[in-house]
2 protein chains.
Amino acid sequence: MASARRSYSRASEAERREDLILATLDCIAEDGIKGATVRQIAARAGVTAGLIRHYFTGKDQMLQAAYRAVMDGMTRTAIAAAREDEAPKARLRRFIIANLTPPVTDSRTLSLWAAFISHIQTDPSFAAIHRENYLAFLQEVEMLLLAFFDERGTALSPKQCRRFAISLNALIDGLWLEGTLAADLFDEHELADAALASVEALLRLTPGELALEK
Amino acid sequence: MASARRSYSRASEAERREDLILATLDCIAEDGIKGATVRQIAARAGVTAGLIRHYFTGKDQMLQAAYRAVMDGMTRTAIAAAREDEAPKARLRRFIIANLTPPVTDSRTLSLWAAFISHIQTDPSFAAIHRENYLAFLQEVEMLLLAFFDERGTALSPKQCRRFAISLNALIDGLWLEGTLAADLFDEHELADAALASVEALLRLTPGELALEK
DNA sequence: ACGGCAATTATTCAATCGTATAATAACAGC
DNA sequence: GCTGTTATTATACGATTGAATAATTGCCGT
């Protein structure tokens, strides 16, 4: 009885790692962190479970890589929305809107974010990843604010800029979290509109200054 | 060889359930959700594992009860801070401060909150608990705002009140989350001060109107 | 004081987890 | 085309999990 071994094809390290990470995210999005077992992930990636330990030291390290991938994706789309070839006001507006419309406000994204956030408290590696992303996000907001107030001709001390950035970031985070958790309570533009009006108030701008194009 | 069975004492259903729930929270706070196994919980509660299924249908149901306990605790302390025997402005101020100082901004509270948030996406029972608490929180904020603007003599339409409440809630949530996650980045009063200034701006009040007593 | 109810313990079970190791097949270099 | 390297599969192992069942002991009513 010849052993009928499964046929397979070799892949480059880069794409195999990516496949495994994407499969991890699929599993988490579907069943939560408890659904992300090495077997389920391997099955979803079309390989066998043992392969995971060939590319990662262990399951934990793969989860960290997956967390990095999620956070990178979130910040990348938000930052990409604030295109450099536009006026500071438009960039700030686009940045806010991008954070409160799909694909950032998306059930799957929230599931992934939520699955990882609890690890921050327990595992220092996850804490480092979070810290890194939070500071990067904060700095991006600060740069947008500086450019905006500069164009507007309003003075803005570094300390005040930082305070604005912290509050603005908190507002966006909160709206994103609750808005995505209870997506049925808000329609798509309601969230972004509320954010724009709130940011105007937060920065002590005149109503409509940020939302209206002219 | 006489079987040396462990001696024990009976307890009322109420306190046994509470003991088990508190033990559950202790386990989660210490090791995350993965540390909340029936055996560890039972050990921490000073009973044996089997007893859990005598008071709860299963582990899931006990986790739900624990989640309810956490959320109740958080909203209760915040609402209790807005004492009824004070002026509307003071109540609003106290409410905001209470949400951004210990024991609400506390590493343990965050750990518990974070451990449960991912279940909202997966388990409808957890979604219902979250929804219930979110709406209760929102309504509390709306009532505080109505009383405040009424005393101030400013008109406030129900729609505007709701929009304010949503934004204010998001701001508090975001500050609480990031501030507690990165507690070392902020000192204790910085968070509450930032919140007060931001809420003043959010509600289009004059700077210092909410923070200063007079 | 004692009998019976049920709260609690003790033990077992099947399932599943992450990891380790050995066998094998795919592919590159020559 | 052959050969050596190694990516991949296959299998096994020990630990741990949530749940189910049976045995026992604490305690209340009488």
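**Exercise 1. Find out in which helix of chain B Phe148(B) is placed, and decide whether Phe148(B) counts as buried or exposed.**

Solution. Begin with the secondary structure of this predicted model, in which Phe148(B) is found in helix α8 of chain B. Next, apply the neighbour count: a residue is buried if 20 or more other C-beta atoms lie within 10 Å of its own. Phe148(B) has 22 C-beta neighbours inside 10 Å, and therefore Phe148(B) counts as buried. Finally, look at the partners: when neighbours within four places in sequence are left aside, Phe148(B) is in contact with Pro88(B), Lys89(B) and Leu92(B). A further comparison of sequence and space can be made with Glu86(B), which is 62 residues away from Phe148(B) in sequence, while the two C-alpha atoms are 11 Å apart.

**Exercise 2. Describe the overall make-up of chain A, beginning with its helices and strands and ending with its domains.**

Solution. Count the elements to start with: chain A has nine helices and zero strands. The C-alpha trace of chain A spans about 80 × 35 × 35 Å along its principal axes, and of its 214 residues 39% count as buried. Then consider the contacts in chain A with a separation of 6 or more, of which 60% join residues 24 or more positions apart. The domain assignment divides chain A into domain 1 (11–56) and domain 2 (67–202), and the centres of these domains, taken over C-alpha atoms, are separated by 29 Å. Where the domains of chain A meet, six residues of domain 1 are in contact with six residues of domain 2. The side of domain 1 that touches domain 2 holds five nonpolar residues, one polar residue and no charged residues.

**Exercise 3. Check the span of helix α5 of chain A against the expected value, and then examine what covers its buried residues.**

Solution. The expected span is 1.5 Å times one less than the number of residues. Helix α5 of chain A (residues 88–99) has 12 residues and should therefore span 16 Å, and the 17 Å between its end C-alpha atoms agrees with this. The buried residues of α5(A) are Leu92(A), Arg93(A), Phe95(A), Ile96(A), Ile97(A) and Asn99(A). Their cover includes α4 (59–81), α7 (124–152), α8 (158–181) and α9 (188–202) of chain A.

**Exercise 4. Repeat the check for α7(A), and find out which elements its buried residues pack against.**

Solution. α7(A) has 29 residues and reaches 42 Å from its first C-alpha to its last, close to the 42 Å expected at 1.5 Å a residue. Its buried residues include Phe126(A), Ile129(A), Phe137(A), Val141(A) and Phe148(A). An α-helix has 3.6 residues a turn, so residues three or four places apart point the same way. The buried residues of α7(A) pack against α4, α5, α6 (107–122) and α8 of chain A, together with α9 of chain B. Just beyond the helix, α7(A) is followed by Gly153(A), whose phi is positive, near 85°.

**Exercise 5. Work out how chain B is related to chain A, and describe the contact between them.**

Solution. Superpose the copies to begin with: a rotation of 180° with 0.0 Å of shift along its axis places chain B on chain A, with an RMSD of 0.1 Å. That is the relation of a two-fold axis. The same surface serves both copies, since 100% of the contact residues of chain B recur in chain A. Turning to the contact, 34 residues come from chain B and 34 residues from chain A. On the side of chain B that touches chain A, α9(B) gives the most, with 12 residues. By class, that side has 17 nonpolar, 11 polar and six charged residues.

**Exercise 6. Identify the residues that come nearest to DNA strand D and to DNA strand C.**

Solution. Take DNA strand D to start with: of the 26 residues around this strand, Arg6(A), Val47(A), Gly50(A), Thr37(B) and Gly58(B) come nearest. The surface near DNA strand D has eight nonpolar, nine polar and nine charged residues. Around DNA strand C there are 26 residues, of which Thr37(A), Gly58(A), Arg6(B), Val47(B) and Gly50(B) come nearest. The surface near DNA strand C divides into eight nonpolar, nine polar and nine charged residues.

Notes: Residues are numbered from 1 along each chain as its sequence is written. Chains are lettered from A and ligands numbered from 1 in the order in which they are written. This is a predicted model: local features need pLDDT of at least 70, side-chain atom pairs count only at pLDDT 80 or more; totals for chains, interfaces and linings use all residues. Two residues are in contact if their C-beta atoms, placed from the backbone, lie within 7 Å. Helices (H or I, at least four residues) and strands (E, at least two) are DSSP runs, numbered from the N terminus. Ala, Val, Leu, Ile, Met, Phe, Trp, Tyr, Cys and Pro count as nonpolar, Asp, Glu, Lys and Arg as charged, and the others, Gly among them, as polar. Copies are superposed by least squares on the C-alpha atoms of residues with pLDDT of at least 70 in both. A residue is near a molecule or strand if its C-beta atom, placed from the backbone, lies within 6 Å of it. A residue is buried if 20 or more other C-beta atoms lie within 10 Å of its own, exposed if 12 or fewer, and partly exposed in between; C-beta atoms are placed from the backbone. Domain bounds come from an automatic or database domain assignment.
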